[in-house]
Structure formats: C-alpha cells, structure tokens
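Subject: Structure handover

Hello,

Here is the structure for you to load. My notes on what turned up follow below it.

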Amino acid sequence: MNKRNYQKELEEKIAYHESRGEVPTLLLHSCCAPCSSYVLEYLSRYFQITVFYYNPNIYPQEEYDSRVKEQQRFIKEFPMEHPASFIEGDYDTARFYKAVRGMETQPEGGARCTACYELRLREAAACAKRLGLSYFTTTLSISPMKDAQRLNEIGEKLAQEYGVAYLYSDFKKKNGYLRSTQISKEYGMYRQDYCGCIFSIR
C-alpha cells in the first residue's frame, strides 16, 4: 500500500478553496508557540484560524502557564494575512492522567502518546463543531518526533465522529520544522526541551 502524502493532500485542499475564492475557517490545535509559528505563517494566508490551546498533559502548572503566555504573545506580535484568534481549553490534568492510566511506563512515542494525541484532537474536534468551523487540525505533525500518519488517522476518525472535516497535514515537510526554529529565534521564543508531560521529563 502506498504511503499517503499528507502535504500534497493539504496543497490540493488549499488550491481547491483558492480556485473558488474561499477563505475557510480552521481550528488549529496548538501544542506550543514554537510549533505553531511556521504553521500560522503558512496557513494564515489561506484560512481564518482560531488557535485552540488545549494541553492538559503539560506538567508542571508553571510550564503550562509559560507556554500559554508565549502562544498568546506570538499570535499578537506575528503579522498574518488573516489574523488569528485564540481560545484556551481547560487545563484538566485529571482527564489526561485518566486517558493514559496503565501506560505510564510506555516508551516515548508509544501507546501513551497516541492516547494523548487522541484526547487533545477529540477536544479540538468538539470545539470546531461547537463553533461551526470548516476544519480542524493540529500543529503536532511539525515535530520530527511525532508520527504524522498516526495523527492524521486519529484526525480522520474524529472527523467522521464529529462531522467536522480534518485538514490533513505533515507540517515538517518542506522544511517546516527548520522554519519553525528560525521564527522562534527571530521572536526570542521560549522553547521547552521536553514534549510536556511528567513522563516525557523522565
């Protein structure tokens, strides 16, 4: 079976809307400001974006607060063709620990991470549906450490469940990750050295 080219699928979707003179609405789940940087630079030309910051996995509270503030600052300062808005989800850590119960010792990138992806993407899908937006997606695929295929498969499943289209993506393609590090330096951005949860610190 041929591996899907999610970047090509994204480009085709953008071209379709451009040909019709449309600027669709998009809920962009963001894990942190650095990961959102290139994604916002790229997609804000084609979509009206609501950045959804929902990351109950992040530990400790001080780290969570730092990332929220950095995300808000970046959105405020970064020039975008279609300016983005911001929504902060609930910092419900109990929900995260319940989702990953029994998987605490799993290796990074394993089943625990998959459960965490689904938790956050599920909340993004629900929020996009509630707001009546055209699409939802996540910045997570920009990381070289994250499995884009797994993320897109979760997104596809939730799109069917919630009735909101998922925007397929693999943002690390076309030097997306490299560009995110460049923008982060330009804006003096705080870059964390672990994914977010207490298990990834260990």
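The lining of the largest cavity divides into seven nonpolar residues, one polar and four charged. This is a predicted model, so please read everything here in that light. The volume of this largest cavity is about 80 Å³. The count of cavities of 30 Å³ or more comes to one.

Which residues line the largest cavity? They are Asn57, Phe96, Val100, Glu108, Arg112, Cys113, Cys116, Tyr117, Arg120, Lys146, Cys195 and Cys197. Helix H5 supplies the largest share of that lining, with five residues.

Now the open space. The largest pocket has a volume of about 490 Å³. It has 25 lining residues, and those closest to its centre are Ser143, Met145, Lys146, Tyr194 and Cys195. Two elements give two or more residues to this lining: helix H2 (33-43) and helix H5 (111-131). The largest share is three residues, and it comes from H5. By class, the pocket lining has 13 nonpolar, six polar and six charged residues.

Some names come up twice. Lys146 and Cys195 are among the residues closest to the pocket centre, and both also appear in the lining of the largest cavity. H5 gives the largest share to the pocket lining and also to the cavity lining.

One residue of H5 deserves a line of its own. Ala111 lies in this helix. Is Ala111 buried or exposed? Neither label fits: its relative accessibility is 36%, so Ala111 counts as partly exposed. Ala111 and Val100 are eleven residues apart in sequence, and their C-alpha atoms are 8.5 Å apart in space. Val100 is one of the residues that line the largest cavity.

Next, the sheet. It is open and has five strands, in the order E3-E2-E1-E4-E5, with parallel pairing. The edge strands are E3 and E5 (165-166), each pairing on one side only. As a general point, strands of a sheet pair through backbone hydrogen bonds, either parallel or antiparallel.

Here are the pairings, strand by strand:

- E1 (residues 25-29) and E2 run parallel, joined by five bridges. Leu26 stands opposite Ile49 in E2. Leu27 has Thr50 as its bridge partner in E2.
- E2 and E3 (residues 85-88) also run parallel, with four bridges between them. Phe52 stands opposite Ile87 in E3.
- E1 and E4 (residues 135-138) pair in the parallel sense over four bridges. Leu27 stands opposite Phe136 in E4.

Leu27 therefore has a partner on each neighbouring strand: Thr50 in E2 and Phe136 in E4.

How covered are these strands? In E2 (residues 48-53), five of the six residues are buried, so the strand is largely enclosed by the rest of the structure. E1 is mostly covered too, with four of its five residues buried.

The connections are worth tracing as well. E1, H2 and E2 make a right-handed β-α-β unit. E2, helix H3 (residues 61-77) and E3 make a right-handed β-α-β unit too. H2 is also one of the elements that give two or more residues to the pocket lining.

Last, helix H7 (residues 176-186). Which of its residues are buried? Gly176, Ser180, Thr181, Ile183 and Ser184 are. Seen down the axis of H7, these buried residues fall within an arc of 165°, so they line one face of the helix. On the other side of H7, Lys185 and Glu186 are exposed. An α-helix has 3.6 residues a turn, so residues three or four places apart point the same way.

Best wishes

Technical notes:
Residues numbered from 1 in each chain as written. Predicted model: local features only at pLDDT ≥ 70, side-chain atom pairs only at ≥ 80, totals over all residues. Heavy atoms only, no water. 1 Å grid on protein atoms, 1.4 Å probe; cavity = no way out; pocket = protein on both sides within 12 Å on 5 of 7 lines; lining within 4 Å. Points joined across faces, edges and corners; volume = space filled by probe spheres on them. Nonpolar A, V, L, I, M, F, W, Y, C, P; charged D, E, K, R; others polar. Buried < 20%, exposed > 50% of the residue type's maximum accessible area, 1.4 Å probe, protein only. Pairing = 2+ DSSP bridges. Right-handed = clockwise from strand over helix to strand, strands pointing away. Arc of directions from axis to C-beta.
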